[in-house]
Amino acid sequence: MNFGEWDLGQWIVIGLCIFLLAWYVVAAYLNRKRGILIYRWIRDGLEKIGKLSEVSWIGSSGSGAQIAVKRATAPFQKIEVVFLLESRELLPLWLFNLLRNKRDEMILKAWLRNSPPLELEVARKRDRSFAKLLAHDPKRPFQLVSGLEQFQIAYRGKANPESLEKLEAFMAREGATVQRISLGRKAPHLAVRVFISPLMSSPSEEFFSSLQAWLQSISLVKA
């Protein structure tokens with residue numbers, strides 16, 4: 001075939017394919033580097049809580065990893081952290097996920113030394129699942145907490161003023177990253193979902209220490 005006979009549309013398609021292939025190669029390389037960077041950032045903070053007992057990549061360093069501390073310092077007993085990276089390699093999918101507000105995420109699950117005396121939920125406003133959760137069991141209603149513009153906070157059980165103040169202090173510090181927090185009486189007692197990028201401007205030890213301070217303010221005695 002004579003290349004000179006190709007029309008503009010064919011050249012555009014070829015150029016787009018080359019661009020998407022180059023994007024995939026570069027994005028895959030950068031995601032692997034970012035995965036290693038995030039792992040080291042999380043590791044440095046978790047090692048202040050206990051010795052890492054399990055570390056495994058989820059597919060590859062460009063996808064995410066799972067990290068566990070089986071013997072953690074109080075009030076923790078065990079912690080599992082999973083971080084997931086955006087799929088930046090496929091440009092259309094990445095742009096679609098940006099519109100859905102999907103980012104690099106960290107999901108923390110913690111088993112506490114004792115079951116907490118309350119159940120607590122924190123979610124961003126307009127979170128539809130939050131309203132459904134509150135209405136799930138009308139015989140055991142949640143009590144709403146006011147004071148934070150971007151978030152909805154509700155609890156049931158025994159809550160002391162100090163623990164709510166510590167929670168508000170934690171949210172004021174880390175609120176830009178927090179997507180959801182659930183504290184319950186069944187193990188794993190705590191689940192926290194956050195965006196990673198805003199957190200990485202500071203050492204991860206600060207995030208884990210701030211979380212610890214809030215949990216330690218809760219009287220961990222069964223109601």
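These notebook entries record what I looked up in a predicted model of a single chain.

**Overall layout**

I began with the secondary structure and found 5 helices and 9 strands in the chain. Reading from the N terminus, I noted the order α-β-β-β-α-β-β-α-β-β-α-β-β-α. I then looked up the dimensions: the C-alpha trace spans about 80 × 40 × 25 Å along its principal axes. The radius of gyration is 22 Å, whereas a compact globule of 223 residues would have one near 17 Å. For contacts between residues at least 6 apart in sequence, I recorded that 63% join residues at least 24 apart.

**Surface and burial**

I entered about 13,000 Å² for the accessible surface of the chain, with 56% of that area belonging to carbon and sulfur atoms. Buried residues account for 40% of the 223 residues.

**Strands 1 to 3**

I next followed the strands after helix 1. Strand 1 (residues 54-57) pairs with strand 2 in the antiparallel sense, over 4 bridges. Within this pairing I found Val55 opposite Ile67 of strand 2. The hairpin of these two strands has 6 residues between them, and Gly59 there takes a positive phi near 85 degrees.

Strand 2 also pairs with strand 3 (residues 76-84), again antiparallel, over 6 bridges. Here I noted Phe83 in strand 3 as the bridge partner of Ala65. This second hairpin likewise has 6 residues between its strands. I checked the cover of strand 2 (residues 64-69) and found 5 of its 6 residues buried.

**Asn31**

Is Asn31 buried or exposed? I located this residue in helix 1 (residues 8-46). Asn31 counts as buried because its relative accessibility is 1%, and the cut-off for buried is under 20%. I then looked for a polar partner: a polar atom of the Asn31 side chain lies 3.1 Å from the backbone oxygen of Gly62. Beyond four places in sequence, Asn31 touches Ser61, Gly62, Leu85, Glu86, Arg88 and Glu89.

**Nonpolar core**

Which residues have the most contacts inside the largest nonpolar core? I recorded Ile42, Leu46, Leu190 and Trp214, in a core of 45 residues. In soluble globular proteins, nonpolar side chains tend to be buried together.

I took Leu190 as the residue to examine further. Setting aside neighbours within four places in sequence, I listed its contacts as Leu108, Lys109, Ala110, Ile181, Ser182, Leu183, Leu211, Trp214 and Leu215. Trp214 thus appears in my notes both among the contacts of Leu190 and among the core residues with the most contacts.

Definitions and conventions
Residues are numbered from 1 along each chain as its sequence is written. This is a predicted model: local features need pLDDT of at least 70, side-chain atom pairs count only at pLDDT 80 or more; totals for chains, interfaces and linings use all residues. Side-chain values use heavy atoms; hydrogens and water are left out. A nonpolar core is a set of buried Ala, Val, Leu, Ile, Met, Phe, Trp, Tyr and Cys residues joined through side-chain atoms within 4.5 Å. Buried means under 20% relative accessible area, exposed over 50%, partly exposed in between (1.4 Å probe, protein chains only). Contact means heavy atoms within 4.5 Å. Two strands pair if DSSP finds at least two bridges between them. A polar contact is a pair of N or O atoms within 3.5 Å; within protein, one must be able to donate a hydrogen and the other to accept it, and residues adjacent in sequence count only if both atoms are side-chain atoms. The radius of gyration is taken over C-alpha atoms; the globule rule is 2.2 Å times the number of residues to the power 0.38. Accessible areas come from the Shrake-Rupley method with a 1.4 Å probe; for residues, only the protein chains shown count as cover.
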